Amino acid sequence: MDILPDHLFLQAPSFDNASDRREGIGVCGWILVSISFLLVVITFPFSIWACIKVVREYERAVVFRLGRILPKKSKGPGLILILPCTDTFIRVDLRTVTCTIPPQEILTKDAVTTQVDGVVYYRIHSAVSAVANVTDVHSATFLLAQTTLRNVLGTRSLAQLLAGREEIAHGIQDILDSATEQWGIKVARVEIKDIRIPVAMQRTMAAEAEAAQEAKAKVVAAEGERNASKALKQASVVLADSTAGLQLRYLQTLTTLAAENNSTIVFPLPINMFENLGQKNRGG
C-alpha cells in the first residue's frame, strides 16, 4: 500500500490572501528592483524582448519577485512584464487533467479480494495555491486518489461495490475535493472503470445466479400447474352437467389429432361404457 509523504498532509501556509504577502521585499529588495528597472530603460528597446512574456489563454503565470509571490493574483492570459534578474515566473496549466488510477488490489468488507481501477478528472482553479502550497500538485493528487480509492472501497462489501458504483464515485469525489482544496484543485469527476474479481468467485456467483433462476422457474411452473388445475376443475364441472358438451369435446380433440398426424385415427369412447361392460360380465 502506497503511503503519502507526511509533508503532504501538513497544513501548508495559505497564499490566497493578499494580506499574507504584504510584508514587502525590504529596502535592499527595492534597490535591486530599481536597478533592474534602470537597466531595462537604458537597454531599451533591446531589453523589451527579455521582459515581455506571452501567456496562453489556458495558462496562468505565478510571478516571483526576489523569491516572493507578487501581491496580486496570477498573471495572464496575454502579455506580462517580467523584470530581468529580479523576477521569475512559473506557468500553470488550467485545463482539465485526466488522472488514471492503475488497478488497486482491495480487500472488501466481506473478505473478497478484488482489483479496481478508476479515473479522476480535475483542474487547477488557483494557480498561486498549486505552486506555493504543494511541491508537485499532480503527483500529490495522483497518490491521494490511489489511497482514497483503497480506503473507501475497503469499507464496502462486494455486492455494494458492484451495485453502487456511482454512489461510491461521488463519495470519493467529495473526499478528494475537500482534501485538495488548499492545493488549488477542483475535482470535476471520479469514475470507477473496472472491477475484477477472482475466477473462482466468478464461478460461484454464476452458479448462485443459475440456481436462483432455476428456483424462480420452478415457482413459475408450479404457479402455472395450479392455475391449470383450477381451470380443469371448472371445465370438469361444466362438462359433467352436459353430456352433449362432453361428446363435442371428444370430437374437437379428434379433429386436432387428425390435423397433426393423419395416420392415426382415434375413436373416443365414454369411460362409463367400459364400466357398464364390466358390470355385465360380473353379473353373467
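This is a short tour of selections to make in your viewer, stop by stop. Keep in mind that you are looking at a predicted model.

**Stop 1: the annotated stretch**

Select residues 30–52, which an unreviewed UniProt entry lists as "transmembrane region". Over residues 30–52 the chain is 74% helix and 4% strand. Put a distance label on the end C-alpha atoms of this stretch, and you should find them 21 Å apart.

**Stop 2: the sheet S3-S2-S5**

Next, colour strands S3, S2 and S5, which form an open sheet of three strands in that order, with antiparallel pairing. Strand S3 (68–69) and strand S5 (87–93) are the edges; each has a single partner strand, so one side of each lacks a neighbour in the sheet. Now zoom in on strand S2 (residues 59–65), which runs antiparallel to S3 and is joined to S3 by two bridges. Which residue in S3 is the bridge partner of Phe64? Show the side chains and look for Ile69.

**Stop 3: the sheet S6-S7-S8**

Move on to strand S6 (97–107), strand S7 (113–124) and strand S8 (185–196). Here is another open sheet of three strands, ordered S6-S7-S8 and paired antiparallel. S6 and S8 sit at the edges with a single partner strand each, so one side of each has no neighbour in the sheet. Look along the sheet to see the twist, which averages 20 degrees from one strand to the next. Nine bridges connect S6 and S7 in the antiparallel sense. To find your place in that pairing, select Ile101, which stands opposite Gly118 in S7.

**Stop 4: helices on the sheet**

Keep the sheet on screen and add helix H4, which packs on it and touches S6, S7 and S8. The direction of H4 makes about 35 degrees with that of S6. Then add helix H6 (165–179). H6 lies across S7 and S8, and runs at about 145 degrees to S8.

**Stop 5: a closer look at H4**

Finish by isolating H4 (residues 137–153), a helix of 17 residues. From first C-alpha to last, H4 reaches 24 Å, close to the 24 Å expected at 1.5 Å a residue. Is H4 mostly covered or mostly open? Mostly covered: twelve of its 17 residues are buried. Among them are Val137, Leu144, Leu149 and Leu153, along with Gln146 and Arg150. Bring back the surroundings, and you will see that the buried residues of H4 pack against S6, S7 and S8, and also against helices H3 (127–132), H5 (158–163) and H6.

Key
Residues are numbered from 1 along each chain as its sequence is written. This is a predicted model: local features need pLDDT of at least 70, side-chain atom pairs count only at pLDDT 80 or more; totals for chains, interfaces and linings use all residues. Side-chain values use heavy atoms; hydrogens and water are left out. The expected span of a helix is 1.5 Å times one less than its number of residues. Buried means under 20% relative accessible area, exposed over 50%, partly exposed in between (1.4 Å probe, protein chains only). Contact means heavy atoms within 4.5 Å. Two strands pair if DSSP finds at least two bridges between them. Axes are lines fitted to C-alpha atoms, for helices over the stretch in contact, and angles run from 0 to 180 degrees between N-to-C directions. UniProt positions are given in the numbering used here, feature names are shortened, and annotations may be inferred rather than shown by experiment.
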